[in-house]
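Visitor: Hello! I am new to this structure and would like to learn how to read it, one feature at a time. Could we look at it together?

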Amino acid sequence: MDKLEKKLLSQVAKASSDFRMLEPGDRVMVAVSGGKDSHAMLYLLRELQKKAPFPFSLFALNVDQGHPGFPSDLLPAFFEREGYEYVIVKEDTYSVVTEKIPEGKTFCSLCSRLRRGILYTQAQKLGATKIALGHHRDDVIETLMLNLLYAGQLKAMPARLRSDDGRNVVIRPLVYATEAELTELAAVKGFPIIPCDLCGSQDNLKRKQVKNLLTTLNADNPTVRANVFAALGNIRPSHLYDLDLRRVMGVDEALEEPQTGGVANNVVPLTALRR
Ligand code: SF4
């Protein structure tokens with residue numbers, strides 16, 4: 001095993017143990033779109049499976065969404081050749097998306113929601129205990145920046161999440177892996193890549209802008225991306241203004257001066273002054 005593969009494998013193992021992604025007896029449904037990231041994820045999870053101290057099983061699931069020119073035979077042939085257990089689900093979300101989204105607008109939001117719904121349903125049907133998605137560290141960083149700049153929220157992508165309906169657990173084993181290294185692995189291994197622009201969607205302009213911004217900043221200081229990612233694990237609730245978070249973390253209680261003799265009774269809440 002070469003250096004790159006070893007590094008990626010240890011990142012997947014660390015992510016899994018940090019966020020309790022893989023557990024004994026899990027049956028993991030690995031969502032494979034045919035892009036480089038999902039191919040790399042499937043490969044790395046199988047390598048990890050061989051070395052893991054507990055048993056878990058894997059199968060690949062591809063949703064054929066009916067995009068024009070989608071090479072339907074490519075992934076089944078690859079899965080067969082490599083000995084992966086797999087399921088192909090055919091659902092024409094392409095027609096739904098092109099009918100509902102006005103021309104010139106990006107399809108991605110509706111397309112991903114429909115695909116996520118299909119994954120959730122299939123996971124239940126096929127008895128999967130976890131659904132693995134191939135988002136990597138750069139996706140996490142870009143999502144954080146997008147939420148910060150355009151949604152007024154300080155949130156990235158969860159490494160492990162129970163779906164809103166409580167039925168599924170989604171994991172992202174590649175959150176510590178960079179896109180550049182996954183691209184390199186995909187090239188070295190010669191995965192059969194299916195381009196994502198078959199759908200004919202416009203580029204997501206804001207994501208592209210954020211990506212360009214990070215690339216520019218990173219060219220000036222190569223630690224920028226790593227710093228943004230590190231910030232996600234280095235939070236100071238006392239320096240943030242989310243009142244629920246402060247309450248849960250007991251921030252303001254911890255900041256209170258010790259009270260002496262009856263002074264506390266004289267404290268007037270500021271909100272009272274406004275009335
Ligand atoms: S790029 Fe195409 S296939 Fe991918 S999420 Fe967007 S619309 Fe769907």
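Visitor: Let me start with two helices: which residues in α2 meet which residues in α7?

Guide: Happy to help, and please keep in mind that this is a predicted model. From α2, the residues are Lys36, Asp37, Ala40, Tyr43 and Leu44. From α7, they meet Glu179, Leu182, Thr183, Leu185, Ala186 and Lys189. By kind, the residues of this contact between α2 and α7 are six nonpolar, one polar and four charged.

Visitor: How do I describe the way two such helices are arranged?

Guide: In general, a packed pair of helices is described by two values, the angle between the axes and the distance between them. Here, the axes of α2 (residues 36-51) and α7 (residues 179-189) come within 9 Å of each other, and they cross at roughly 75 degrees. Angles from 65 to 115 degrees count as roughly perpendicular, so α2 and α7 are roughly perpendicular to each other.

Visitor: Now the strands, please. In what order do the six strands of the open sheet come?

Guide: The general idea is that strands in a sheet pair through backbone hydrogen bonds, in either a parallel or an antiparallel way. In this model the order is β3-β2-β1-β4-β6-β5, and the pairing is mixed.

Visitor: Which strands stand at the edges?

Guide: Those are β3 (86-90) and β5 (160-162). Each has a single partner strand, so one side of each has no neighbour in the sheet. On average, and ignoring direction, neighbouring strands here are turned by 25 degrees against each other.

Visitor: Could you show me one pair of strands in detail?

Guide: Take β1 (residues 27-31) and β4 (residues 130-132), which pair in the parallel sense over three bridges. Within this pair, valine 28 stands opposite lysine 130 in β4.

Visitor: What does helix α3 touch on the sheet?

Guide: Helix α3 (residues 74-82) packs on the sheet and touches β2 (57-64) and β3. The direction of α3 makes about 170 degrees with that of β3. Another helix to look for is α5 (residues 108-125), which lies across β1, β2, β3, β4 and β6 (169-171). Helix α5 runs at about 140 degrees to β2.

Visitor: There is a ligand too. Which residues are around the ligand?

Guide: They are His67, Phe107, Cys108, Cys111, Arg115, Cys196, Cys199 and Ser201. This shell divides into five nonpolar residues, two polar and one charged.

Visitor: Let me try single residues. Is valine 251 buried or exposed?

Guide: Valine 251 has a relative accessible area of 9%. Buried means under 20%, so valine 251 is buried. Valine 251 lies in helix α11 (residues 251-255). Leaving out residues up to four places away in sequence, valine 251 touches Pro237, Ser238 and Arg246. The C-alpha atoms of valine 251 and arginine 236 are 9.8 Å apart, with their positions 15 residues apart along the chain.

Visitor: And what about alanine 226: what is its relative accessible area?

Guide: The value is 32%, and alanine 226 is partly exposed. You will find alanine 226 in helix α9 (residues 224-231). From C-alpha to C-alpha, alanine 226 and cysteine 108 are 27 Å apart, and they are 118 residues apart in sequence.

Visitor: To finish, how many helices and strands are there in the protein?

Guide: The protein has 13 helices and six strands. Of its 275 residues, 39% count as buried. Along its principal axes, the C-alpha trace spans about 80 × 50 × 45 Å.

How values were computed: Residues are numbered from 1 along each chain as its sequence is written. This is a predicted model: local features need pLDDT of at least 70, side-chain atom pairs count only at pLDDT 80 or more; totals for chains, interfaces and linings use all residues. Side-chain values use heavy atoms; hydrogens and water are left out. Axes are lines fitted to C-alpha atoms, for helices over the stretch in contact, and angles run from 0 to 180 degrees between N-to-C directions. Helices (H or I, at least four residues) and strands (E, at least two) are DSSP runs, numbered from the N terminus. Angles under 35 degrees count as roughly parallel, over 145 as roughly antiparallel, 65 to 115 as roughly perpendicular and the rest as oblique. Contact means heavy atoms within 4.5 Å. Ala, Val, Leu, Ile, Met, Phe, Trp, Tyr, Cys and Pro count as nonpolar, Asp, Glu, Lys and Arg as charged, and the others, Gly among them, as polar. A residue is near a molecule or strand if one of its heavy atoms lies within 4 Å of it. Buried means under 20% relative accessible area, exposed over 50%, partly exposed in between (1.4 Å probe, protein chains only). Two strands pair if DSSP finds at least two bridges between them.
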